[in-house]
Amino acid sequence: MPNISVCKISAPVTLATIQSFATLRLRSLQVNPEAFGSNYAREVAFTEEQWRERIEPNSDKATFIATATHMNLPEHSQDVATVTDEEQWIGSVSILGPDYLTKIPFTLPAAFEERDELWYMLVGTWVEPQFRGMGIGKRLMREALQWATGSRGASPPNEVQKKCVLLRVHAQNTAAQMLYRASGFERFEDPEDESAPSDEIWMGYRVQNGDNSSAINDAQE
Ligand SMILES: CC(C)(COP(=O)(O)OP(=O)(O)OC[C@H]1O[C@@H](n2cnc3c(N)ncnc32)[C@H](O)[C@@H]1OP(=O)(O)O)[C@@H](O)C(=O)NCCC(=O)NCCS
């Protein structure tokens with residue numbers, strides 16, 4: 001059984017990290033094209049700089065990856081010196097903060113626009129099929145939500161700011177919805193929203209006062 005770890009991609013991002021991430025992301029788009037808004041043909045053409053821009057962490061965006069470390073002991077060898085580690089990237093999720101969301105095409109559901117909250121977006125959740133059902137998705141969620149809890153966006157240091165982490169998921173994607181519910185997200189009802197295709201739903205996770213968090217149905221508040 002390999003050793004599974006979850007960690008945040010840190011700066012400065014190396015070429016090896018870009019290559020590993022690009023391989024993982026392109027695989028996710030090939031294995032589960034139905035789960036994402038983007039597609040393989042678009043991203044396979046990305047330059048090194050585009051990948052770097054996507055995963056370079058800053059105070060307003062972060063990417064978390066899951067890795068499996070396999071121990072390779074050559075056959076017929078009992079010598080520990082011959083054991084080698086092989087790291088396989090097997091899952092990821094990214095979280096985009098409020099300032100970053102102002103710089104990319106992103107439309108907040110109309111019902112939430114006026115609310116005095118910092119909005120985050122969770123994107124690109126994926127786990128390699130052979131490693132699903134082992135709690136890795138949940139570990140990725142936990143790290144991303146913890147990061148949002150600690151992140152301040154552009155608000156002054158002493159200001160307590162309400163935050164909400166949003167995501168969009170296909171209505172038929174039961175596995176992902178189960179993961180999000182198990183991680184504290186709830187469905188956001190926004191009947192007036194026309195920004196999302198009708199087969200997608202919004203889910204949200206409210207982070208409050210830095211460390212207490214709870215999911216709520218915003219529209220019913
Ligand atoms: C969704 C996905 C990331 C889940 O990853 P995972 O590592 O298998 O999830 P976990 O093992 O952490 O499971 C988390 C919860 O979801 C539930 N779950 C996971 N897969 C499920 C499935 N196929 N059916 C029902 N429930 C499921 C688990 O039971 C668990 O709930 P619990 O803690 O209450 O038992 C993975 O299935 C995947 O990569 N799917 C394709 C890509 C995708 O759909 N991404 C989402 C885009 S919005």
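**View 1. Helix α5 spans 22 Å from its first C-alpha to its last.** This helix is built from 15 residues, and its reach is close to the 21 Å expected at 1.5 Å a residue. Keep in mind as you look around that this is a predicted model. Now pick out the buried residues of α5: they are I136, G137, L140, M141, A144, L145 and A148. Where do the buried residues fall when α5 is seen down its axis? They sit within an arc of 165°, so they line one face of the helix.

**View 2. A shell of 20 residues surrounds the ligand.** Start with the residues that come nearest: R132, G137, K138, A175 and M178. Which elements supply at least two residues each to this shell? They are β4 (residues 118-127), α5 (136-150) and α6 (174-182). Of these, α6 gives the largest share of the shell, with 6 residues. Sorted by class, the residues around the ligand are 11 nonpolar, 7 polar and 2 charged.

**View 3. Strands β2 and β3 run antiparallel.** Here you can follow residues 61-72 of β2 alongside residues 84-96 of β3, with 12 bridges joining the two strands. For a handy landmark, find A68 and look across to Q88 in β3, which stands opposite.

**View 4. Strand β3 is also joined to β4.** These two strands run antiparallel, and 5 bridges link them. A good place to rest your eye is S92, which stands opposite W126 in β4.

**View 5. Q161 lies in the loop between α5 and β5.** The strand that follows this loop, β5, covers residues 163-170. Is Q161 buried or exposed? The residue is partly exposed, because 17 other C-beta atoms lie within 10 Å, whereas a buried residue would need 20 or more. Look also for E117: although Q161 and E117 are 44 residues apart along the chain, their C-alpha atoms are separated by 6.7 Å.

**View 6. Stepping back, the chain has 6 helices and 8 strands.** Try tracing the elements from the N terminus on, in the order β-α-α-α-β-β-α-β-α-β-α-β-β-β. The chain holds 221 residues, and 28% of them are buried. Finally, consider the contacts in the chain with a separation of 6 or more: 71% of them are between residues 24 or more positions apart.

Methods: Residues are numbered from 1 along each chain as its sequence is written. This is a predicted model: local features need pLDDT of at least 70, side-chain atom pairs count only at pLDDT 80 or more; totals for chains, interfaces and linings use all residues. A residue is near a molecule or strand if its C-beta atom, placed from the backbone, lies within 6 Å of it. Helices (H or I, at least four residues) and strands (E, at least two) are DSSP runs, numbered from the N terminus. Ala, Val, Leu, Ile, Met, Phe, Trp, Tyr, Cys and Pro count as nonpolar, Asp, Glu, Lys and Arg as charged, and the others, Gly among them, as polar. Two strands pair if DSSP finds at least two bridges between them. A residue is buried if 20 or more other C-beta atoms lie within 10 Å of its own, exposed if 12 or fewer, and partly exposed in between; C-beta atoms are placed from the backbone. Two residues are in contact if their C-beta atoms, placed from the backbone, lie within 7 Å. The expected span of a helix is 1.5 Å times one less than its number of residues. The arc is that of the directions from the helix axis to the C-beta atoms.
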